[in-house]
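Q: Please pick one part of this model and take me through it closely. Keep it brisk, and finish with how it sits in the whole chain.

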Amino acid sequence: MPNLSLPPPAAAAPLEQGQALGVWRLIKPLPDGEQAHAGQWYSAHHGLATEEQAAVLVLDRSDQGAGVMLRYADQAGDLGKLQHPQIAVPSDSGVTPDAHPYLIVEGTHGEPLLPRLPEIGLRERIELLVQLCEALRSAHQQGWLLAEIDPAMIWLDPQGKVRLMGLGLTRIPDPTDPFDRGLSLGASPAFVAPERRNGAPPSLASEVYGLGALARGFVCGWEDTPKGLAPLRQQAAQAWPTLTEEQQAKLDTVLRGATAESAELRTRGAEGLADELREWLAMSPARSLPSAAGDAPARSKPAWWKRWLLLGAAAGIAVLAAAAYLPERAPPTAQAHPHAQG
């Protein structure tokens, strides 16, 4: 058997507009606001029928990227049968000229949600989470669950609804024959249930933990950690101080229930989480919820930005103080304005 020489691990280098990947031509990279996943998204169009659109994920050459491709190869036939208007699954795959695997998700899907989140009010965020849970309810009925939550796979479609790019979906394991397909998307540990980190197979309980972590990020904001993106560990009151105490307390209770360390104490599935989020929406009239982008919690910033703000403020005060000691300019004279009336 001949020796095989595989390319070394490498991050996917940026690809140029017009780059051909099979019958598809890349249009532009899509910022997803998240660095924990396995590659880079691009928009694309069909090389011959340019009105046909697609999203392309070019994967890193890594264990995570290999895991994505192996899962796709194993499940492609069955996954293609999953039917839900808010779930998109890969339809094709290939390898770039520099040996990076890629996946094609045909259709018009909008764009990754995370960069758009600061523009979206709290009520709309909760409604998007309910939509995601409802889409997963349908997936469960068809035998699938979301094994890994990756915020880069949560998109906003052209109609303003949530779109799940379903690369993290896997068949619901048979409890009599458990298995573990691994964290193939390179998911940040913040979205991985404790039992999964200890080697347990994916389950409806581990799925709801990831959804709860995603919900916490939607509500409380994000921080970049050495291990990837993570939701801020704070209370709803800190992120949305204009909420009533009742609204804050209820929202904190929902988030704690979904992310309980023990699977037995956790909210019962995505369906249960959707019900609790709907209850919160029902007790929170739209007029009482923050909706302006300026009210939204931002991703945490390093401490140096505060120093720059203070320096900028100090400089502004110094300029105003100096201006106070400048001699006043004399009013314009008639000679300076020959057409002025005396």
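**The open sheet and the helix on it**

A: Six strands form an open sheet in the order 1-2-3-4-7-6, with antiparallel pairing. Strand 1 (20-21) and strand 6 (92-95) are its edges. Each has a single partner strand, so one side of each has no neighbour in the sheet. Keep in mind that this is a predicted model.

Go inward to strand 3 and strand 4. Strand 3 covers residues 39-46, and strand 4 covers residues 53-59. The two run antiparallel and are joined by 7 bridges. One pairing to find on screen: Trp41 has Leu57 of strand 4 as its bridge partner.

Now add the helix. Helix 1, residues 63-79, packs on this sheet. Helix 1 touches strand 4, strand 6 and strand 7 (101-106). The direction of helix 1 makes about 50 degrees with that of strand 7.

Start at the N-terminal end of helix 1. Ser62 caps that end. A side-chain oxygen of Ser62 lies 3.1 Å from the backbone nitrogen of Gly65. Further along, helix 1 bends by about 45 degrees at Ala73.

Which residues of helix 1 are buried? They are Gly65, Gly67, Val68, Met69, Arg71, Tyr72, Gln75 and Leu79. One rule helps in reading such a list: an α-helix has 3.6 residues a turn, so residues three or four places apart point the same way. The cover over the buried residues of helix 1 includes strand 4, strand 6 and strand 7. It also includes strand 9 (144-146) and strand 12 (169-171).

Next, the link between strand 6 and strand 7. Ala99 lies in that loop. Phi of Ala99 is near 70 degrees, a positive value in a residue other than glycine. Is Ala99 buried or partly exposed? Ala99 has 28% relative accessibility, so it counts as partly exposed.

Step back to the chain. It has 8 helices and 14 strands. Of its 342 residues, 45% count as buried. Among contacts with a separation of 6 or more, 66% are between residues 24 or more positions apart.

Last, the cysteines. A disulfide is a covalent bond between the sulfur atoms of two cysteines. The count here is 0 disulfides. Cys133 is buried, with a relative accessible area of 2%. Cys220 is buried too, at 0%. Both fall under the 20% cut-off, so both count as buried.

Technical notes: Residues are numbered from 1 along each chain as its sequence is written. This is a predicted model: local features need pLDDT of at least 70, side-chain atom pairs count only at pLDDT 80 or more; totals for chains, interfaces and linings use all residues. Side-chain values use heavy atoms; hydrogens and water are left out. A disulfide is a pair of cysteine sulfur atoms within 2.5 Å. Buried means under 20% relative accessible area, exposed over 50%, partly exposed in between (1.4 Å probe, protein chains only). Two strands pair if DSSP finds at least two bridges between them. Helices (H or I, at least four residues) and strands (E, at least two) are DSSP runs, numbered from the N terminus. Contact means heavy atoms within 4.5 Å. Axes are lines fitted to C-alpha atoms, for helices over the stretch in contact, and angles run from 0 to 180 degrees between N-to-C directions. The bend at a residue is the angle between axes fitted to the seven residues ending there and the seven starting there. A polar contact is a pair of N or O atoms within 3.5 Å; within protein, one must be able to donate a hydrogen and the other to accept it, and residues adjacent in sequence count only if both atoms are side-chain atoms.
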